[in-house]
Structure formats: structure tokens, C-alpha cells
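Let's walk through this one together, from a single residue out to the fold around it. Have the viewer open and follow along.

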Amino acid sequence: MKKFIFLFLITFSSCVFAQDKIDTIQIINNGTLNMEIDSRINNVLKAKEDAVCSYTTTVKKPTEKKPVIQSNDPCAGTPQVNGFKIQIYYSKDRKDAEKVRNEFARSYPDLSSQTAYFSPDYRVLVGDYFTRASASRDIRRLKSKYNSAFSIPFKVLCRKAK
């Protein structure tokens with residue numbers, strides 16, 4: 001009798017702790033993740049996902065269309081574009097960079113100049129150019145006084161660029 005009760009308890013306990021059908025989810029995204037989920041949990045997750053997805057698809061925000069500019073002007077609507085500037089000087093001291101920029105502005109009034117901070121240096125940048133090739137003519141002209149002049153990619157004002 002004790003054996004019968006013992007076998008009954010072991011059989012009953014194994015049935016109580018047994019899980020229902022288990023779904024396996026495989027996600028392949030930079031590796032593989034295998035996850036075994038009880039089918040009831042999986043059904044709840046899918047229902048929740050469907051409820052969220054159906055809610056987001058029914059709510060639509062009005063979209064505002066930007067006015068289309070019908071112009072032959074390449075600078076219309078874009079004041080700054082990716083272009084190039086000529087770096088003529090750099091220093092860790094801001095006063096030195098400002099001194100060189102002021103000297104440059106007196107010597108070459110036809111070219112714009114600015115001081116820009118790129119950690120840890122202050123750089124004196126001149127001109128606005130669409131391409132590296134268009135900057136090369138001014139680089140040759142500046143090499144006599146600023147022998148370390150070279151072009152760097154930088155945002156330029158479209159209306160001033162050459």
C-alpha cells in the first residue's frame with residue numbers, strides 16, 4: 001500500500017508540474033536566440049501586440065507637406081550646404097588665431113574668414129567653396145603667405161560659395 005501511494009504521488013506530482021504545449025521562438029539577429037514559451041503566454045503577447053498595432057494604424061496624424069520651390073536657384077531653401085573652406089592657421093591659443101584672422105581680413109578683403117574651435121585647437125578658416133577643386137586656385141594664391149593652407153570639408157553658405 002505504501003508503494004502504491006508513493007507511486008501515485010510521484011505520478012500525480014509530475015502531471016501537476018508538467019507544462020502544456022511549448023512554442024519555440026527563434027530570432028536570428030546578430031546571432032540566434034532560442035526561447036521556449038508556454039503557449040498561453042505566447043497567445044497573450046500576440047493579443048497585446050495586435051491590440052497595439054491596430055491602435056497605431058487607425059490613428060493617423062495629419063502630415064504637412066513642405067511647399068515645393070519651383071526655381072532654378074540651387075540655393076533656394078538651403079542656406080548652408082556641404083562644401084569646403086581653406087584652413088590657413090591653427091593654434092591652441094584663441095588670441096593668436098584671432099590675430100591671424102584679423103591680419104588675413106586686412107590682406108585679403110575679397111575672402112571671408114572665421115575662427116572655428118575644433119577641440120583642442122582654434123582654426124582660421126577662409127572662403128566658401130562647393131568643391132575642393134574650386135578652392136585650389138585660392139590655395140595656390142595663399143601659399144605664398146600661409147604655406148600650410150589646405151582645404152577641409154565644412155558647411156558653407158550657399159550664396160557665398162564659388
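Leaving aside its neighbours within four places in sequence, which residues is Lys85 in contact with? Before the answer, keep in mind that this is a predicted model. The contacts of Lys85 fall into three stretches of the listing: Gln114; then Leu125, Val126, Gly127, Asp128 and Tyr129; and then Phe150, Ser151, Ile152, Phe154, Lys155 and Val156. Lys85 itself sits in strand E3, which covers residues 80-91. Is this lysine buried or exposed? With a relative accessibility of 4%, Lys85 counts as buried, because the cut-off for that label is under 20%. Its side chain also has a polar partner: a contact of 3.3 Å links it to the side chain of Gln114.

To place those contacts, it helps to look at the sheet. Which strands form it, and in what order? It is an open sheet of 4 strands, ordered E4-E5-E3-E6, with antiparallel pairing. The edges are E4 and strand E6 (150-157), each of which pairs on one side only. From one strand to the next, the twist averages 45°.

Now take the strand pairs in turn. E3 and E6 run antiparallel and are joined by 8 bridges; here Phe84 of the pair stands opposite Pro153 in E6. E3 is also joined to E5, again antiparallel, by 6 bridges, and Gln87 has Leu125 in E5 as its bridge partner. The third pair is strand E4 (residues 113-118) with E5, antiparallel and held by 6 bridges. In this pair, Ser113 stands opposite Val126 in E5.

E4 and E5 form a hairpin, with 2 residues between them. Have a look at the connection: Pro120 is in the loop between these two strands, and the peptide bond joining Ser119 and Pro120 is cis, with omega at about 5°.

What lies against the sheet? Two helices can be followed here. After the bridges between E3 and E6, turn to H3, which packs on the sheet and touches E3, E4 and E5; its direction makes about 160° with that of E4. H4 packs on the sheet as well, touching E3, E5 and E6, and its direction makes about 25° with that of E3.

That brings us to the nonpolar core. In soluble globular proteins, nonpolar side chains tend to be buried together. In this model the largest nonpolar core has 17 residues, and those with the most contacts inside it are Ile86, Ile88, Phe104, Val126 and Leu142. Two or more residues each come from E3, helix H3 (94-107), strand E5 (121-129) and helix H4 (132-142). Which element gives the largest share? That is E5, with 4 residues. E5 is mostly covered, too, with 8 of its 9 residues buried.

Ile88 is a good residue to centre the view on. Not counting neighbours within four places in sequence, Ile88 is in contact with Val100, Phe104, Val124, Val126, Leu142, Tyr146, Ser148 and Ala149. Two of these names, Phe104 and Tyr146, return in an aromatic cluster that they form with Tyr108. The structure holds 4 aromatic pairs.

Finally, come back to E3 for two polar residues. Asn82 lies in this strand, and it is exposed, because its relative accessible area of 62% is over the 50% cut-off. Beyond four places in sequence, Asn82 touches Phe130, Phe154 and Lys155, and its side chain makes a polar contact of 3.3 Å with the side chain of Lys155. Asn82 and Pro153 are 71 residues apart in sequence, yet their C-alpha atoms are 7.2 Å apart in space.

Ser91 is also found in E3. With a relative accessible area of 10%, Ser91 is buried. A polar atom of its side chain lies 3.0 Å from the backbone nitrogen of Asp93. Leaving out residues within four places in sequence, Ser91 is in contact with Asp96, Asp121 and Tyr122.

Definitions and conventions: Residues are numbered from 1 along each chain as its sequence is written. This is a predicted model: local features need pLDDT of at least 70, side-chain atom pairs count only at pLDDT 80 or more; totals for chains, interfaces and linings use all residues. Side-chain values use heavy atoms; hydrogens and water are left out. Buried means under 20% relative accessible area, exposed over 50%, partly exposed in between (1.4 Å probe, protein chains only). A polar contact is a pair of N or O atoms within 3.5 Å; within protein, one must be able to donate a hydrogen and the other to accept it, and residues adjacent in sequence count only if both atoms are side-chain atoms. Contact means heavy atoms within 4.5 Å. Rings of Phe, Tyr and Trp (its six-membered ring) pair if their centres lie within 6.5 Å; planes under 30 degrees apart count as stacked, over 60 as edge-to-face and the rest as tilted. A nonpolar core is a set of buried Ala, Val, Leu, Ile, Met, Phe, Trp, Tyr and Cys residues joined through side-chain atoms within 4.5 Å. Two strands pair if DSSP finds at least two bridges between them. Axes are lines fitted to C-alpha atoms, for helices over the stretch in contact, and angles run from 0 to 180 degrees between N-to-C directions.
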